[in-house]
Amino acid sequence: MEILMSSMHYDFGDRSVEILPEAISTMLRHRQRRFYSQESGGQMFAKLSPNHWRIEVATGPRRGDRRGRFHFWPDRRAEQDEINRFYDQGLEFVGDWHSHPEDTPRPSRNDIHSMDNIVRESVHSLPGILMVIVGRNDPPSGLWISFHKGGGHMLEPLDENGVSTNRRPRSRTIWI
């Protein structure tokens, strides 16, 4: 059951990111809740101002994507078509999202490497690209968000105390 929620806000230093409920809803519809669920993914498009990105649309998955339980390879041609279409509507491509079959998602090395490649190999004027990973839990613990500047430089959003909002308290294992 999907719950209509309000916008989600994240701060990456001097840049704030707002994800509108419609975009969040698109991503949450593709959570991997069953053992046979495949990874899904798509792109995010935003209205930009110098210090604020307002993500209005999340797309995907697409017919040409290659998907499995533990992998997602997007149809790059379809993604470029989306980028062109939303650019004509005044929205900029700002990043990718995909699902993971875990409650509280964390990026894999492949996820980070993929984001570095997108930042490095794409022609864009952005200071970096966002990555959202959708887990099985409801937000906020069921979402990972990071800002990738390339070269392995990844920023996580910080709360008012300077602590990453992606970091959840770990519970200690007790052997009995």
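Start by selecting strands β1 and β2 (residues 15-19), which run antiparallel and are joined by five bridges. Strands here are DSSP runs of E with at least two residues, helices are runs of H or I with at least four, and both are numbered from the N terminus. Two strands count as paired if DSSP finds at least two bridges between them.

Before going on, note that this is a predicted model, in which local features need pLDDT of at least 70, side-chain atom pairs count only at pLDDT 80 or more, and totals for chains, interfaces and linings use all residues. Residues are numbered from 1 along each chain as its sequence is written, and side-chain values use heavy atoms, with hydrogens and water left out.

**The β1–β2 hairpin**

Stay with the hairpin and pick F12, whose bridge partner in β2 is R15. Two residues lie between the strands, and G13 has a positive phi near 65°. Now colour β1 by face: M8, Y10 and F12 form a covered face, while H9 and D11 form an uncovered one.

Next select S7, in the segment before β1 (8-12). The side chain of S7 makes a polar contact of 3.3 Å with that of E18. A polar contact is a pair of N or O atoms within 3.5 Å; within protein, one must be able to donate a hydrogen and the other to accept it, and residues adjacent in sequence count only if both atoms are side-chain atoms. Beyond four places in sequence, S7 touches E18, I19, L20 and P21, where contact means heavy atoms within 4.5 Å.

**β7, α3 and β8**

Move to strand β8 (residues 129-134). Is it enclosed or open? Six of its six residues are buried, so β8 is largely enclosed by the rest of the structure. Buried means under 20% relative accessible area, exposed over 50%, and partly exposed in between (1.4 Å probe, protein chains only). I129, M131 and I133 cover one side, and L130, V132 and V134 the other.

Add strand β7 (residues 92-99), which runs parallel to β8 and is joined to it by five bridges. W97 stands opposite V132 in β8. From β7 the chain crosses through helix α3 (residues 109-121) to β8, a right-handed β-α-β crossover. Right-handed means that, with the strands pointing away from the viewer, the path from the first strand over the helix to the second runs clockwise.

Select α3 itself. Its buried residues are D111, M115, D116, N117, I118 and V119.

In the loop between β7 and α3, find H100. H100 is buried, with a relative accessible area of 7%. A polar contact of 2.8 Å links its side chain to that of E102. Further along the sequence than four places, the contacts of H100 include Q32, E39, D111 and I133.

**R66 and β5**

Go to R66, in strand β5 (residues 66-68). R66 is exposed, with a relative accessible area of 54%. Beyond four places in sequence, R66 touches H71, F72 and W73. E39 is 27 residues from R66 in sequence, and their C-alpha atoms are 9.1 Å apart.

**Confidence**

Finally, colour by pLDDT, the predictor's confidence in each residue, from 0 to 100. The protein averages 86, and 89% of the residues score at least 70. Among the elements, β5 has the lowest mean pLDDT (76), and strand β4 (residues 52-58) the highest (97). Last, select residues 169-174, where pLDDT stays under 50 and the model has zero contacts beyond four places in sequence.
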